[in-house]
Amino acid sequence: VETVGLDLGGTKILAALVTDDGDVVAEHRVPTPDTDAAAIVEALAGAAVAVAGGRSLVAVGVGAAGLVDAQGTVRYAPNVPALIEFPLAQRLSDRLGMPVAVDNDANAAAWGEAIHGAARGVDDVLVVTLGTGIGGGIITGGRLYRGANGFAAEIGHFPVVDEGPACACGIDGHWEAMASGTALGVFARRRAAQGDIPDVVDRAGGDPEAVTGEHVTASALEGDPAAIALVEDFAGVVALGLAGLANILDPALVVIGGGLVTLGDTLLDPLRTEFRRLVEAGAHRPEIPVVAAELGERAGAIGAAALARGLVGG
Ligand SMILES: [Zn+2]
């Protein structure tokens with residue numbers, strides 16, 4: 001059976017037609033309407049029908065950027081404000097006439113990696129998405145851990161320092177404000193202002209204030225020692241949060257996804273070293289491998305399709 005997974009972000013909707021084996025046989029992208037919730041339901045329904053290409057659908061899954069409760073109601077969505085307190089699963093199910101699963105986008109991506117990606121066959125996994133922000137998903141005992149309300153695994157909003165940089169959620173010192181792609185840019189602009197990363201500044205057109213995480217990534221991947229040193233320091237901050245989460249969750253595997261994974265082992269090697277140093281009793285526990293995600297930007301849609309399959313007994 002093929003199901004449709006929809007990844008609903010602040011700017012675009014990615015629809016994927018996905019087989020039981022997790023293969024994407026068709027995909028379709030549309031902009032996310034910024035008007036009202038009814039327009040978003042129409043856009044989601046239209047994308048699902050378009051990507052199905054005439055095949056009859058049995059279920060649809062949605063990974064939505066926000067806090068989603070157990071009924072599939074979006075409770076909070078700073079990047080898609082029209083959906084705040086909107087019963088998305090119910091309305092899309094009414095519109096399409098079939099079961100619809102809605103979950104947080106990072107949960108959907110984690111489920112995708114667990115069923116079809118880097119965490120296949122592993123029952124206890126922490127999936128961390130390092131992108132503009134930090135998303136997360138926790139698989140425990142082979143199931144997604146959702147918490148009492150469906151809001152669990154908001155790992156980016158894990159307090160790391162008492163007085164730290166401002167987080168997008170409004171509370172200072174969260175891990176996301178220190179270890180996301182956005183934070184890498186902030187960190188790099190500080191180094192750029194000190195004259196520490198001239199190659200990176202050249203890439204930004206010579207303006208230290210214009211430096212972004214992407215410029216750092218490009219320089220580091222071409223072997224610029226200053227950019228690599230910056231990534232190593234940044235990896236230490238990523239490891240700090242990761243070690244805290246591993247101490248709490250005791251995962252068998254950590255999967256790192258999101259845009260920063262394009263850095264590959266330039267990021268992951270120093271991250272592994274620091275993580276090993278910081279995790280409790282590292283010498284007395286099995287090593288927790290830290291690996292790159294496999295499904296890329298389709299992880300959310302593939303995971304949403306797998307959640308839909310769960311609704312119809314697949
Ligand atoms: Zn926060």
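Visitor: What makes the arrangement around the zinc ion tetrahedral?
Guide: The four donor atoms subtend angles of 100 to 119° at the zinc ion. Four donors count as tetrahedral if all angles lie between 85 and 135 degrees (square planar for four, or octahedral for six, needs opposite donors over 155 degrees apart and all others between 65 and 115; anything else is irregular). The zinc angles fit the first range, so tetrahedral it is. Mind you, this is a predicted model, where local features need pLDDT of at least 70 and side-chain atom pairs 80 or more, while totals for chains, interfaces and linings use all residues. Residues are numbered from 1 along each chain as its sequence is written, and side-chain values use heavy atoms, without hydrogens and water.

Visitor: Which atoms coordinate the zinc ion, and how do you know that they are donors?
Guide: They are ND1 of His157, SG of Cys167, SG of Cys169 and ND1 of His174, at 2.1 to 2.3 Å. A donor is an N, O or S atom within 2.8 Å of the metal (3.2 Å for Na, K and Ca), and water is not among the atoms, so sites may look incomplete. Along the chain, the donors follow the spacing H-x9-C-x1-C-x4-H.

Visitor: Are His174 and Cys169 buried or exposed?
Guide: Buried means under 20% relative accessible area, exposed over 50%, partly exposed in between (1.4 Å probe, protein chains only). His174 has 6%, so it is buried, while Cys169, at 34%, counts as partly exposed.

Visitor: And why is Pro87 called partly exposed?
Guide: Its relative accessibility is 25%, which puts Pro87 in that in-between class. Pro87 lies in the loop between strand E6 (74-76) and helix H2 (88-96); helices (H or I, at least four residues) and strands (E, at least two) are DSSP runs, numbered from the N terminus. Leaving aside residues up to four places away in sequence, Pro87 touches Gly72 and Thr73, where contact means heavy atoms within 4.5 Å.

Visitor: How do you know that E2 and E3 pair?
Guide: Pairing takes at least two bridges found by DSSP. Strands E2 (residues 12-18) and E3 (residues 24-31) have seven, in the antiparallel sense, so they qualify. Val24 is the bridge partner of Val18, and His28 that of Ala15. The two strands form a hairpin with five residues between them, and Gly22 in the turn has a positive phi of about 85°.

Visitor: What makes E3 and E7 edge strands?
Guide: The five strands of this open sheet run in the order E3-E2-E1-E4-E7, with mixed pairing. E3 and E7 (100-104) each have a single partner strand, so one side of each is left without a neighbour in the sheet. The twist averages 15° from one strand to the next; axes are lines fitted to C-alpha atoms (for helices, over the stretch in contact), with angles from 0 to 180 degrees between N-to-C directions. Helix H10 (residues 299-311) packs on this sheet, touching E1, E2, E3, E4 and E7, and its direction makes about 135° with that of E1.

Visitor: Why is H10 called largely enclosed?
Guide: 11 of its 13 residues are buried, so the rest of the structure largely encloses H10. Among them are Ile302, Leu307 and Arg309.

Visitor: How do you know that the span of H10 agrees with the expected one?
Guide: The expected span is 1.5 Å times one less than the number of residues. For the 13 residues of H10 that gives 18 Å, and the end C-alpha atoms are 19 Å apart, which agrees.
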